[in-house]
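Got the viewer open? Let's walk through this one stop by stop, with something to select each time.

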Amino acid sequence: MSGPAIEALERWLGHALPAYYLRFLQGWQEDMRGEQVLLYGVESLMERNETYDTLQSCPGYMTIGDDSGGRAVMLALDGGDRAVYLVGHGSMHRDDFEVAADDFTSWLAADCPLD
């Protein structure tokens, strides 16, 4: 992920990416993790967030993947909240979020469990 691509994504989001997620994203190509989690690559992030209307429905969060079963994988953009959230694509509202993990990095290390 180049500097200009990062800047374009952050400008579009209206927010800097959390440092821990940026480190992950720099070495990641879109692919499956675990048995059913698709984590988006840089080339898909804007399109997926537009499709799911994430910026309007869930201000301060971004969709980073999906569970291959109708739920989005979400992260907070503020960087202080490192939790991983799940929310149904048909109900993209913060009140409907479920915590999948308290920490993104630990969740990755555990191969992205959903329960």
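Start by selecting Asp 67, which sits in the loop between β3 and β4. Keep in mind that you're looking at a predicted model. Is Asp 67 buried or exposed? It's buried, with a relative accessible area of 5%. Show the side chain and look for two backbone nitrogens: the one of Gly 69 is reached at 2.8 Å, and the one of Gly 70 lies 3.2 Å from a polar side-chain atom of Asp 67. Now bring up what Asp 67 touches beyond four places in sequence: Gln 36, Val 73 and Leu 114. While you're in this hairpin of β3 and β4, click Ser 68 too: with 4 residues between the strands, this is where Ser 68 takes a positive phi near 60 degrees.

Next, select β3 itself, residues 61–66. How many of its residues are buried? The count is 6 of the 6, so β3 is largely enclosed by the rest of the structure. On one side, β3 pairs with β2 in the antiparallel sense over 2 bridges; pick Leu 39 and you'll find its bridge partner, Gly 65, in β3. β3 also pairs with β4, again antiparallel, over 5 bridges, and here Met 62 stands opposite Leu 75 of β4.

Carry on from β4 to β5: another antiparallel pair, joined by 5 bridges. Arg 71 and Gly 88 in β5 make a handy pair to label, as they stand opposite each other.

Zoom out and colour by strand. You have an open sheet of 6 strands in the order β1-β2-β3-β4-β5-β6, with antiparallel pairing. β1 (31–33) and β6 are the edge strands, each pairing on one side only. Look at how the strands are turned: neighbours in this sheet are at 45 degrees to each other on average, direction ignored.

Now add α2, residues 19–26. This helix lies across β1, β2, β3 and β4, and runs at about 125 degrees to β4.

On to the nonpolar core. In general, nonpolar side chains in soluble globular proteins tend to be buried together. Here the largest core has 29 residues, and Leu 17, Tyr 21, Leu 39, Phe 104 and Trp 107 are the ones that touch the most other members. Contributors of at least two residues include α1 (3–13), β5 (84–88) and α5 (104–109). Which element gives the largest share? That's α2, with 5 residues.

Select Phe 104 and expand to its contacts. Beyond four places in sequence, you'll get Tyr 20, Tyr 21, Phe 24, Ile 64, Leu 75, Arg 82 and Val 84. Apart from the largest core there's another one, of 10 residues, and Tyr 61, Ala 72, Met 74 and Ala 76 are among them.

Last stop: select the sulfurs of Cys 58 and Cys 112. How many disulfides does the whole structure have? The search finds 0. The cysteine sulfur closest to that of Cys 58 is in Cys 112, 20 Å away, so it is too far for a bond. Both side chains are worth a look with the surface on: Cys 58 is buried at a relative accessible area of 1%, and Cys 112 counts as buried too, at 4%.

Definitions and conventions: Residues numbered from 1 in each chain as written. Predicted model: local features only at pLDDT ≥ 70, side-chain atom pairs only at ≥ 80, totals over all residues. Heavy atoms only, no water. Core = buried A, V, L, I, M, F, W, Y, C linked by side-chain atoms within 4.5 Å. Buried < 20%, exposed > 50% of the residue type's maximum accessible area, 1.4 Å probe, protein only. Contact = heavy atoms within 4.5 Å. Polar contact = N/O pair within 3.5 Å; in protein donor to acceptor, adjacent residues only side chain to side chain. Disulfide = S-S within 2.5 Å. Pairing = 2+ DSSP bridges. Axes fitted to C-alpha atoms, helices over the stretch in contact; angles between N-to-C directions.
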